[in-house]
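Visitor: I've got a sequence and a fold on my screen and a few things I'd like to ask. Could you walk me through it?

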Amino acid sequence: YFVAHGALEYVLSRYSDNPFVSIGKRNYFGELEFLNDGKNGNAGRLFTCKALRDSELLWLTKSDLYKLLEIYEDDVIALFNSAGVRLAKVLEVKQKMEKEFSRKKQR
């Protein structure tokens, strides 16, 4: 999904939807699920996003992606390469927040 306008947060649904990363216009999410398409044992979403206010999201189908690759191959490859870097950072923050909320819950 691409955020056309609005604001969203990645939330920890296991911990009362506590937010850990905010995103807005010109950001995107869901690329891993899009590419994985339920394969390789992926049983569900990696993240949950929640809108902070009215937002407009655009989505890309696989056929759209193939059309874009034909026309803008270098740009699409660059987008997914940068997505890998961004995803690693988000995962790191998520893991830190999960540990923190787990510790608070044990108290």
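Visitor: Leaving aside neighbours within four places in sequence, which residues is Tyr10 in contact with?
Guide: Keep in mind that this is a predicted model. Setting aside anything within four places in sequence, Tyr10 still has a long list of contacts, among them Asn18, Pro19, Val21, Tyr28 and Cys49. The rest of that list is Phe20, Ile23, Phe29, Phe47, Thr48, Arg86 and Val90.

Visitor: Is Tyr10 buried or exposed?
Guide: Buried means under 20% relative accessible area. Tyr10 comes in at 2%, so the call is buried.

Visitor: What is the geometry of the ring pair Tyr10 and Phe20?
Guide: Their ring centres are 5.9 Å apart and the planes meet at 45°. Planes under 30 degrees apart would count as stacked and over 60 as edge-to-face. With 45° falling in neither class, the pair is therefore tilted.

Visitor: Which parts of the chain does that pair tie together?
Guide: The two residues are 10 apart in sequence. Phe20, which is buried at 11%, sits in β3, while Tyr10 sits in the other strand, so the pair ties together β3 and β2.

Visitor: Which residue joins Tyr10 and Phe20 in one aromatic cluster?
Guide: By the ring-pair rule the model has five aromatic pairs. Tyr10 and Phe20 belong to one cluster, and its other member is Phe47.

Visitor: Which elements give two or more residues to the largest nonpolar core?
Guide: That core has 13 residues, and Tyr10, Phe20, Ile23, Phe29 and Phe47 are those with the most contacts inside it. The elements giving two or more residues to it are β2, β3 and α2.

Visitor: In what order do the three strands of the open sheet run?
Guide: β3 (18–24) and β4 (48–51) are the edge strands, each pairing on one side only. The pairing is antiparallel, and β2 sits between the two edges, giving the order β3-β2-β4. On average, neighbouring strands are turned by 35° against each other, direction ignored. So much for the layout; the order to note down is β3-β2-β4.

Visitor: In β3, what is the bridge partner of Ala7?
Guide: Strand β2 covers residues 7–12 and pairs with β3 over six bridges, in the antiparallel sense. For Ala7, the partner in β3 is Gly24.

Visitor: What angle does helix α2 make with β3?
Guide: Helix α2 spans residues 62–106 and packs on the sheet, touching β2 and β3. Its direction against that of β3 comes to about 155°.

Visitor: How many residues apart are Phe2 and Tyr28?
Guide: These two form a tilted aromatic pair, 5.8 Å centre to centre with 45° between the planes. Phe2 is in strand β1 (residues 2–5), and Tyr28 is in the loop between β3 and α1 (31–36). Phe2 is partly exposed at 31%, whereas Tyr28 is buried at 13%. In sequence, their separation is 26 residues.

Visitor: Which residue lies over the face of Tyr28?
Guide: The distance to the ring centre is 4.4 Å, and the residue lying over that face is Arg86.

Visitor: Which residues does Leu52 touch, not counting those up to four places away in sequence?
Guide: Leu52 is placed in the loop between β4 and β5 (56–58). With a relative accessible area of 47%, Leu52 is partly exposed. Beyond four places in sequence, Leu52 touches Ala7, Leu8 and Glu9.

Definitions and conventions. Residues numbered from 1 in each chain as written. Predicted model: local features only at pLDDT ≥ 70, side-chain atom pairs only at ≥ 80, totals over all residues. Heavy atoms only, no water. Pairing = 2+ DSSP bridges. Helix = DSSP H or I, 4+ residues; strand = E, 2+ residues; numbered from the N terminus. Axes fitted to C-alpha atoms, helices over the stretch in contact; angles between N-to-C directions. Contact = heavy atoms within 4.5 Å. Buried < 20%, exposed > 50% of the residue type's maximum accessible area, 1.4 Å probe, protein only. Phe/Tyr/Trp six-rings, centres within 6.5 Å; stacked < 30°, edge-to-face > 60°. Lys NZ or Arg CZ within 6 Å of the ring centre and 35° of its normal. Core = buried A, V, L, I, M, F, W, Y, C linked by side-chain atoms within 4.5 Å.
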